[in-house]
Amino acid sequence: MSFILTAIIMFGFWMFLSGELGIIFIISAVVSSLIVAYISHDLLIGKTDIRSGFSNLLRLIRYVPWLIWQVILANLDLVYRTLHPSMPIEPLMIKFDSKLKTDTGITILANSITLTPGTVTVKADRNGEFMVHALARGPAESLLEGTMQAKVRKIEGSEEKRNV
Amino acid sequence: MFESAALAIILSAILVLYRGIRGPRICDRVLAINVIGTKTVVLIALIGFIYERPHFMDIALAYALINFIATIAFLKYREMGRLD
Amino acid sequence: MVDTALAADIGWMDVKTVITGICLVIGCFFIIVASIGIIRFPDFYSRIHPAGKTDTLGQSMVLIGLMVYEGFSLVSVKLLIIIIFIFIANPTATHALANAAYVAGLKPWQKGDRRK
């Protein structure tokens, strides 16, 4: 199942990139996407249940607009801190336990922390423990309030712990 | 329009190059290389639009992949001491 | 009749060019500010903030401007793929850099320390 799905995704990607419809191009597309799917079908899809993976993808898409708004806020904040003559920064490291369980959730949270105001992920391990470098005290406190963790936990949904 | 955007990106790449030359640690230099690489992706796309060659987008995509892999490979080498 | 059609055509071209120009200006502004930040900030952990955030948004804005200029075609799909890839890969690369520096034992800069 994962083999066929990977092959279809690879074929679609090839068609997007080439845009040629000649018979030789189609044949080479089919052959190379089958080879790639044979080598790497356990990397892209793995043992994920397809249906829950799909609903997770939908929830992820609903999370993206909020993330983009946060990215814009982060950039305005950083532009202010960079161009201010006296550079109002006061760096500190914080540690917290996010209580996330799956690899997907931890990856999404780590990337979101890096993209949102004033914080960069330094260390994230598979038990859900994060170490974050913050530019000032305000961003660190707003991260510890846990709005983002709740949103990412909602994406994670009912998926059980996979990373044994 | 595209030309002036390309010039601005080249200017900012030169600014980052200062950090790459001066950077007191290896980490700073790798950071500078990574940032210059991602700027190069945008620069290639802009050049494709200036000379009206749409195939430059494929090169930009490939360059983005190569740049990311290079950074990750270098950091893995530094962390583990080997690449296998 | 022909004149009005031509005028509408020119009007749309102008709007597209103006939107592209605004996107390019905002993107270039963010990219230059990111470079200034990488030069100005006092230590490595602060320098990865502009590299991870401002650079990502700046490059995406420039590429979005190119997408608007191109209209709907295969080229803009490729640009969209590049944008998605930058949004995933740039924070990951910054995270890997920060982790490598942390493993190597680099201490973060505190307020009042000497600049390095």
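pLDDT is the predictor's confidence in each residue, on a scale from 0 to 100. You'll want that in mind here, as what you have open is a predicted model.

**Stop 1: colour chain B by confidence.** Chain B averages a pLDDT of 85, and 98% of its residues come in at 70 or more. Now pick out its helices. Helix H1 of chain B (residues 2-22) has the highest confidence in that chain, at 87, while helix H3 of chain B (residues 56-80) has the lowest, at a mean of 85.

**Stop 2: show chain B with chain C.** Select whatever touches across this pair and you should light up 39 residues of chain B and 41 residues of chain C. Together the two chains bury about 3,500 Å², with carbon and sulfur atoms giving 81% of that area. Want side chains to put on show? On the chain B side, B:Arg19, B:Leu31 and B:Phe49 lose the most area to chain C, and together they make up 16% of what that side buries.

Next, look for charges. The interface of chain B and chain C has three salt bridges by the rule used here. Zoom in on B:Asp28 and C:Arg47: their side chains form a salt bridge, with 2.4 Å from N to O. Add the polar contacts and you get seven residue pairs between chain B and chain C, counting pairs with both residues at pLDDT 80 or more.

Which elements of chain B give two or more residues to the side that touches chain C? They are H1, helix H2 (26-50) and H3 of chain B. H2(B) brings the largest share of that side, 13 residues.

**Stop 3: hide chain B and bring up chain A.** Trace chain A from the N terminus and the elements go by as α-α-α-β-α-β-β-α-α. That comes to six helices and three strands. Colour chain A by burial and 39% of its 164 residues turn out to be buried. Switch on a surface: chain A exposes about 9,500 Å², and 67% of that comes from carbon and sulfur atoms. If you draw the contacts within chain A that have a separation of 6 or more, 68% of them join residues 24 or more positions apart.

**Stop 4: put chain C back beside chain A.** This time the contact involves 35 residues from chain A and 36 residues from chain C. About 3,100 Å² is buried between them, 73% of it on carbon and sulfur atoms. How many salt bridges are there between chain A and chain C? The count is zero. You can still find five residue pairs in polar contact across this interface, with both residues at pLDDT 80 or more.

To colour the chain A side by element, select helix H1 (2-18), H3, helix H4 (103-115), strand E2 (119-124) and strand E3 (129-134) of chain A; each gives two or more residues to the side that touches chain C. H3(A) supplies the largest share, eight residues.

**Last stop: A:Asn75.** Stay on chain A and go to helix H3 (residues 50-83), where A:Asn75 sits. Is A:Asn75 buried or exposed? A:Asn75 counts as buried because its relative accessibility is 0%, and the cut-off for buried is under 20%. Now show what surrounds A:Asn75. Apart from neighbours within four places in sequence, A:Asn75 is in contact with C:Phe30, C:Lys53, C:Thr54 and C:Leu57. Label those four residues of chain C and you have your final view.

Technical notes
Residues are numbered from 1 along each chain as its sequence is written. Chains are lettered from A and ligands numbered from 1 in the order in which they are written. Side-chain values use heavy atoms; hydrogens and water are left out. Helices (H or I, at least four residues) and strands (E, at least two) are DSSP runs, numbered from the N terminus. Buried means under 20% relative accessible area, exposed over 50%, partly exposed in between (1.4 Å probe, protein chains only). Contact means heavy atoms within 4.5 Å. Accessible areas come from the Shrake-Rupley method with a 1.4 Å probe; for residues, only the protein chains shown count as cover. Buried area is the accessible area (1.4 Å probe) that two parts lose on being put together, summed over both. A salt bridge is a side-chain nitrogen of Lys or Arg within 4 Å of a carboxyl oxygen of Asp or Glu. A polar contact is a pair of N or O atoms within 3.5 Å; within protein, one must be able to donate a hydrogen and the other to accept it, and residues adjacent in sequence count only if both atoms are side-chain atoms.
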